[in-house]
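User: I'd like a close look at one part of this model, the spot where two helices cross. Could you walk me through that contact and then connect it to what surrounds it?

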Amino acid sequence: MPTKEEWKKQLVDNAEQQILNLTDSDKFKNYLNTVAKFHRYSARNIDLIYSQNPEATQIAGFKQWKNDFNRSVNKGEKGIRIAAPMIKKLTPEDQKRLDTTKEKAIVGYRYIPVFDISQTSGEPVLSAKDFVKENLADHKNVTNLYNELKNYLNNNTDIKVSEKRLSELGGAKGYFQPSTNEIVIGSDEPDNALKLETLYHEYAHSQLHGLTSEFKDRPRAYQETQAEAVAYVAMQNIGVDTSNYSLGYVATWAKDKAVIHSALSEIQQVSNKVIELSDGLTKQLGLQEDPKEPEHDLKKLSAHDLNKSYQGLQQQVQQATSPQQKAQLKNQLNDVHQEISDRTQKQLKAFAKQNPEIKQPVSEPDQSLKR
């Protein structure tokens, strides 16, 4: 039976070995999938999650699943261990020894169990990404996101984004020019998703391989793999198909432990920046809201489906974290409520007409369905 310290070392060593095994495109893609899903986590915890369950999509602690999501961890499930900081209140002596004025500091890490959603049962959990993915199935919205990202970079950064015809780009879909800090994208590219991916790719170059970048002198193929990795994560984050991506240069990284960790750290940092930027833009475009079901479609639903829709929307309203999203869901709930009420009144009138001998009691309007 290993000691606690031996167990911790084994956990970290296993994660380290899994990272050093990223020697082919498919393994690297699986790792990047974890980066896309858990971009708010530290590099250390991303590595730990990937090494223990590369298929994980959403994790939380035992109590958090129960209290925040109304879900229970299934009996017998083994937790995924991640590092949680141990924070200590500093004494004046500690502050002097550490040469700091901070009142608290991290003094170590403990490895706590969390569980993936696949290890739990209970109420459904919807996230903004579910809505983004559905909305971006419409190519018009992909174009809008591309234009919004291009305008943001032009208006809020020192990067200049312009377009030229593909015939002027020498076979490329786009490029980044470090000397002028300029990104150029093929204007007549017919595939809107590819156009957006190219902009993500070239933006990654601007962040990773600009004139002052640490990696500016790395081999070209190395730089291309880094930029494509960031674009892959960005597209994964918004739910656009990435099955045709090729990330084949990774094998050479595993020869140098320091190089692969440095490269992955850079990819994670820039990916986080791109994801935060994309999330802000999709909110601005209204793509994180569940598309409102037209009122006439509600009339086509059976009574069973209408009641099921009502119950589902009630759950979504309770789980919504964004005020804007909650308001949108409440509007939909009100529409479904109105349709149920209209049908009930119609059925009551039809019954009264068919049974004139039954005297209707005078009563207050039914308040059983509340908005």
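Analyst:

**The helix crossing and its surroundings**

Helix H1 (residues 4–20) and helix H10 (residues 257–284) have axes that come within 10 Å and cross at roughly 90°. With a crossing angle like that, H1 and H10 are therefore roughly perpendicular to each other. On the H1 side the contact is made by Glu 16, Ile 19 and Leu 20, and on the H10 side by Lys 257, Ile 260, His 261 and Leu 264. Sorted by class, the contact of H1 with H10 holds 4 nonpolar, 1 polar and 2 charged residues. Two numbers carry the description here: two packed helices are described by the angle between their axes and the distance between the axes. Keep in mind that this is a predicted model.

Before following H1 further, here's the wider setting. The protein has 13 helices and 8 strands. Of its 371 residues, 40% are buried. If you take contacts between residues at least 6 apart in sequence, 66% of them join residues at least 24 apart. The accessible surface comes to about 21500 Å², and carbon and sulfur atoms account for 49% of that.

Now back to H1, which has a sheet to deal with as well. H1 lies across S3 and S4, running at about 70° to S4. Those strands belong to an open sheet of 3 strands in the order S1-S4-S3, with antiparallel pairing. Its edge strands are S1 (59–60) and S3 (80–89), each pairing on one side only. S3 is joined by 10 bridges to strand S4 (residues 104–116), and the two run antiparallel. To pick out one pair, Lys 88 has Ala 105 in S4 as its bridge partner. As for what holds such pairs together, strands of a sheet pair through backbone hydrogen bonds, either parallel or antiparallel.

H1 shares this sheet with another helix. Helix H3 (residues 43–52) lies across S1, S3 and S4, and runs at about 155° to S3.

From H3 you can step over to helix H2 (residues 25–37), which is where Thr 34 sits. Is Thr 34 buried or exposed? Its relative accessible area is 0%, so Thr 34 is buried. Leaving out residues up to four places away in sequence, Thr 34 touches Ile 46, Ile 49, Tyr 50 and Pro 54. For a distance to check on screen, try Thr 34 and Ser 51: they are 17 residues apart along the chain, and their C-alpha atoms are separated by 10.0 Å.

A backbone detail turns up next. Asn 70 is in the loop between helix H4 (62–69) and strand S2 (71–73). Asn 70 isn't a glycine, yet it has a positive phi of about 55°. Its relative accessibility is 44%, so Asn 70 counts as partly exposed.

Asn 181 shows a positive phi too, about 55°, and again this is not a glycine. Asn 181 lies in the loop between S7 and S8. The hairpin formed by S7 and S8 has 4 residues between the strands.

That hairpin leads to another sheet. Here 3 strands form an open sheet in the order S6-S8-S7, and the pairing is mixed. Strand S6 (160–164) and strand S7 (174–177) are the edge strands, each pairing on one side only. On average, neighbouring strands of this sheet are turned by 20° against each other, direction ignored. S7 is joined by 4 bridges to strand S8 (residues 182–186), running antiparallel. Within that pairing, Phe 176 stands opposite Ile 183 in S8.

S7 is also a nice place to look at side-chain direction. In a regular strand the side chains alternate between the two faces of the sheet. Along S7, Gly 174 and Phe 176 point to one face and are buried, while Tyr 175 and Gln 177 point to the other and are not.

This sheet has helices against it as well. Helix H7 (residues 139–156) lies across S6 and S8, running at about 130° to S6. Helix H8 (residues 192–208) packs on the sheet and touches S6, S7 and S8, with its direction making about 160° with that of S8.

To come back to your crossing: H1 meets H10 at roughly 90°, and H1 also lies across S3 and S4.

Technical notes: Residues numbered from 1 in each chain as written. Predicted model: local features only at pLDDT ≥ 70, side-chain atom pairs only at ≥ 80, totals over all residues. Heavy atoms only, no water. Pairing = 2+ DSSP bridges. Axes fitted to C-alpha atoms, helices over the stretch in contact; angles between N-to-C directions. Contact = heavy atoms within 4.5 Å. Parallel < 35°, antiparallel > 145°, perpendicular 65-115°, else oblique. Nonpolar A, V, L, I, M, F, W, Y, C, P; charged D, E, K, R; others polar. Buried < 20%, exposed > 50% of the residue type's maximum accessible area, 1.4 Å probe, protein only. Areas by Shrake-Rupley, 256 points an atom, 1.4 Å probe, with all protein chains shown as cover.
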